[in-house]
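The points below are meant to be read beside the coordinates, moving from one chain to the other and then to the pockets.

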Amino acid sequence: MSDFSFVSVLQTLVAGLGITILMTVVSFAAGTLLGIPLALMRTSKLWGVRFPAMAVIDISRGIPPLVWLLIIYYGLSPALPLEPLPAALIGLSIISAGYLAENFRAGIDNVHTGQKEAAAALGLTPSNQFWRIVAPQALNISIPPSASYAVALLKDTAIASIIGVADIIFLAQNEVSRGGSAVFVFAVAAVLYLLAGIPLSYFSRYIDGVVRSKVVSV
Amino acid sequence: MSEPRVLLDAESIEKSFKDNEVLKGITLKVHAGEVIALIGPSGAGKSTFLRCLNYLERPTGGSLSLDGAPAFTDPLGPTKAELLRLRRRVGMVFQSFNLFPHLSVLKNIVLAQKLNGLRGNLEAEEYARELLGQVGLDEKAHAKPAECSGGQQQRIAIARALSLDPELMLFDEPTSALDPEVGNDVLNVMRDLADRGTTMIVVTHEMRFAERVADRVLFLDRGGILEEGAPEQVFHNPSHERTREFLQAVLDR
């Protein structure tokens, strides 16, 4: 006789919360590390540099996350057998890189052209114009949309359950197959996502306010 | 008294954007200590000409000399080093201030001094404070630009441009984004600079300022200098009908 009380279901699903958060944090971090160079390439004047970056960004965002994970997990398995978790991390990182690269790119594009001109007029080298003047402002501009993306990513990690990553949803499906009420079990899962997401949303709203007050360009 | 030396020699500066000829060969010699006002209708090419003088806009013809030496070996293909050298010698103040919003007021003024290797940290800060004092804003050193009014921001921008000890200052409609009262604070700082012997070229719609402060007024129309002379001559006895019309329209407002 199984116990499907709230506390019991919650205890079971909490075990997956760590994996969900791990996937969110790792793929967001990897997405940032990959997204910054992609954004720099994407804003290059050289077609040969810009085009590959555009292609990578469009492909990473254009393929549904589920399809990415299935391709990486099943598609690569003959050549490169992967455990579900690494496969999910790779897929989610690729997707994050695409979205975050676009956020950084938009940040760079949205720095007022007068900023670069003022820096140039002060005799700053092109590299100093970018790293000292444009990049810090671009980063500020791209923080709010990236924080929102982190919230979206947290929820997107749920698809990793399809390839067998033992996250919240995977454990919830187990509970249901063991006879738990689907509505009830998934409601508990929803509560867990909400609890994990609220601090992130709160942070994203807070950072949005900070950035707005800090970067008032003319 | 001997003729003062020619600081800037702009020789038949041309600029075209595709088929659109914006500057049709403007020649201007500026003597050290001289204040030049560029006036004229919008679209005449005043700002474009000014921006050609520090190569923010790259001329499509003509040449520049600073203090007797050509600024570029090939004016159409400037090297990076030549560009940097020119810009370190020529300061510019923009209509929209363009202060760096992520840096404090003090850092705005310190940054280029340091990156250009002009002064060390302490010296640069000390000089920045001195310049802030000169434009009447000592108390704003640690504020962010967004915490300053438009007029204050423009005075800070002037201090920032002065921080590299430029031989020539370019002003691109410095008061056009400001209401008249605040604009006066900026004009007073500029007048002060002129009194100290700073060589300046000012694109402006402030006719009264041009008349009082400029040594020479240039009236630009359709990409060329239509008329130039001492302020009293250009303002009170213009030789061209077009100049008369323009001044009439401006003064009637």
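1. For the helix–sheet geometry that follows, axes are lines fitted to C-alpha atoms, for helices over the stretch in contact, and angles run from 0 to 180 degrees between N-to-C directions. In this predicted model, helix H2 (residues 80–89) of chain B lies across S6 and S7 of chain B and runs at about 65 degrees to S6(B). Helix H5 (residues 150–162) of chain B also packs on the sheet and touches S6 and S7 of chain B, but its direction makes about 170 degrees with that of S6(B).

2. The sheet in question, in chain B, is an open one of 6 strands with mixed pairing, and its strand order is S6-S7-S8-S3-S9-S10. Its edges are formed by strand S6 (90–93) and strand S10 (224–229) of chain B, each of which pairs on one side only. Direction ignored, neighbouring strands of this sheet are turned by 20 degrees against each other on average.

3. Within that sheet, strand S7 (residues 168–172) and strand S8 (residues 200–203) of chain B run parallel and are joined by 4 bridges. As a point of reference for inspecting the register, B:Leu170 has B:Ile201 in S8(B) as its bridge partner.

4. Is B:Ser65, which belongs to strand S4 (residues 61–66) of chain B, buried or exposed? Its relative accessible area is 18%, and because the limit for a buried residue is under 20%, B:Ser65 counts as buried. Beyond its neighbours within four places in sequence, B:Ser65 is in contact with B:Leu7, B:Leu8, B:Asp9, B:Pro70 and B:Ala71.

5. Chain A contains 8 helices and 0 strands, so that its pattern along the sequence reads α-α-α-α-α-α-α-α. The C-alpha atoms of chain A fill a box of roughly 75 × 45 × 20 Å along the principal axes, and buried residues make up 43% of the 218 residues in this chain. Of the contacts in chain A between residues at least 6 apart in sequence, 75% join residues at least 24 apart.

6. A:Gln173, in helix H7 (residues 168–177) of chain A, is partly exposed, with a relative accessible area of 35%. Not counting residues up to four places away in sequence, A:Gln173 touches A:Ser161 and A:Phe186. From A:Gln173 to A:Val7 the separation is 166 residues in sequence and 17 Å in space, C-alpha to C-alpha.

7. The largest pocket has a volume of about 840 Å³ and is lined by 26 residues, of which A:Lys45, A:Lys116, A:Pro126, A:Gln129 and A:Val134 lie nearest its centre. At least two lining residues each come from helix H4 (84–109), helix H5 (113–121) and helix H6 (126–156) of chain A, and likewise from H2 of chain B, the helix that lies across S6 and S7 of chain B. The lining divides into 12 nonpolar, 5 polar and 9 charged residues.

8. The second largest pocket, with a volume of about 580 Å³, is lined by 23 residues, and B:His205, B:Glu206, B:Met207, B:Arg208 and B:Phe209 are those nearest its centre. Two or more lining residues are given by each of helix H6 (180–195), helix H7 (207–213), helix H8 (231–236) and helix H9 (241–252) of chain B; H6(B) gives the most, with 6 residues. The lining of this second pocket comprises 8 nonpolar, 8 polar and 7 charged residues.

Key:
Residues are numbered from 1 along each chain as its sequence is written. Chains are lettered from A and ligands numbered from 1 in the order in which they are written. This is a predicted model: local features need pLDDT of at least 70, side-chain atom pairs count only at pLDDT 80 or more; totals for chains, interfaces and linings use all residues. Side-chain values use heavy atoms; hydrogens and water are left out. Two strands pair if DSSP finds at least two bridges between them. Contact means heavy atoms within 4.5 Å. Buried means under 20% relative accessible area, exposed over 50%, partly exposed in between (1.4 Å probe, protein chains only). On a 1 Å grid over the protein atoms alone, a cavity is a set of points where a 1.4 Å probe fits but cannot get out, and a pocket is an open set with protein on both sides within 12 Å along at least five of seven lines; lining residues have an atom within 4 Å of a point. Grid points are joined across faces, edges and corners, and a volume is the space filled by probe spheres set on the points. Ala, Val, Leu, Ile, Met, Phe, Trp, Tyr, Cys and Pro count as nonpolar, Asp, Glu, Lys and Arg as charged, and the others, Gly among them, as polar.
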